[in-house]
Amino acid sequence: MAIDPSADVDDSASIGEGTRVWHLAQIREDAVLGPNCVIGRGAYIGPAVRVGANVKVQNHALVYEPAVLEDGVFIGPAVVLTNDLYPRAVTPDGRIKGEQDWHAQGVTVRQGAAVGARSVVVAGVTIGRWALIAAGAVVHRDVPDYALMAGVPARRIKWVGRAGVPLNPTGDGSWRCPETGDLFTERDGELTPAATTTVMTTEPAQT
C-alpha cells in the first residue's frame, strides 16, 4: 500500500494490499478498496463506496456513494458516477437539503468494464461485465455485458471482448474476438461467451 502524503484518506477507509493512492485524491469514510488498485491524482471515492481488486480510477474521476466497482474495472479521467436522479440544492420550501431529504442511488460497474474519459453515468445504472463506454458518453440506462456504448445519450454501437476491441461477426449470430479468438453468441440483444471460451477471472493478489 502506498498513499501520497497529500491524499486525504479517512481513518475508517479500508485500503487493500498493494493499492496506490496518488496526489490530492480523497477517499471518504467507510470506503473499501481491494488489493492492487490505483487511485489517480485528484480522484474522489465517496463514503462506503466498494472497490474490488485491480481497479484503476484515473485522475479527477468522481465516484459518488454508494457506487460499486467490481474487480478489474477501469474508470477514466474526469468520469462522473452520479448518485442523484433529481438533484436540487434546496427542498420545495427553500431549506437546504440534507442527507435525510434524498435517497442516493449508486452506479454499479461489473467485472472488467471500462468507462472512458469524461463520461457521465446516471444514478442507479448498472454497466455490464467487460462493457466499454466511449469517451464523453452519457449513460442513462443499464448496459449489457460486452457492449460498446457511445454518444449522448449512449447507445450500443458494437460488441467488444475482454481485450476491449470490437468483435467480428462470423455469421448466425456468432462473434469472434480478433485479439483472443474468444467466441460469443448474440441472442435477444445479449452477448454470451460460447462454450469454448474460457471466462477470465481476477488473478489472486500478489503478496
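**Strands, sheet and globule in a predicted model**

The protein has zero helices and 26 strands, where helices (H or I, at least four residues) and strands (E, at least two) are DSSP runs numbered from the N terminus. This is a predicted model, in which local features need pLDDT of at least 70, side-chain atom pairs count only at pLDDT 80 or more, and totals for chains, interfaces and linings use all residues. Residues are numbered from 1 along each chain as its sequence is written, and side-chain values use heavy atoms, with hydrogens and water left out.

User: What makes β15 and β18 a pair?
Analyst: Two strands pair if DSSP finds at least two bridges between them; β15 (residues 108-109) and β18 are joined in the parallel sense over two bridges, so the criterion is met. The bridge partner of V109 in β18 is I127.

User: Why is one side of β3 and of β18 left without a neighbour in the sheet?
Analyst: The open sheet of six strands runs in the order β3-β6-β9-β12-β15-β18, with parallel pairing. Because β3 (14-15) and β18 (126-127) stand at the edges, each has a single partner strand.

User: How do you know that the radius of gyration agrees with a compact globule?
Analyst: The radius is taken over C-alpha atoms, and the globule rule is 2.2 Å times the number of residues to the power 0.38. For 207 residues a compact globule would have a value near 17 Å, and the protein has 18 Å, which agrees.

User: What share of the residues counts as buried?
Analyst: Buried means under 20% relative accessible area, exposed over 50%, and partly exposed in between (1.4 Å probe, protein chains only); 39% of the 207 residues count as buried.
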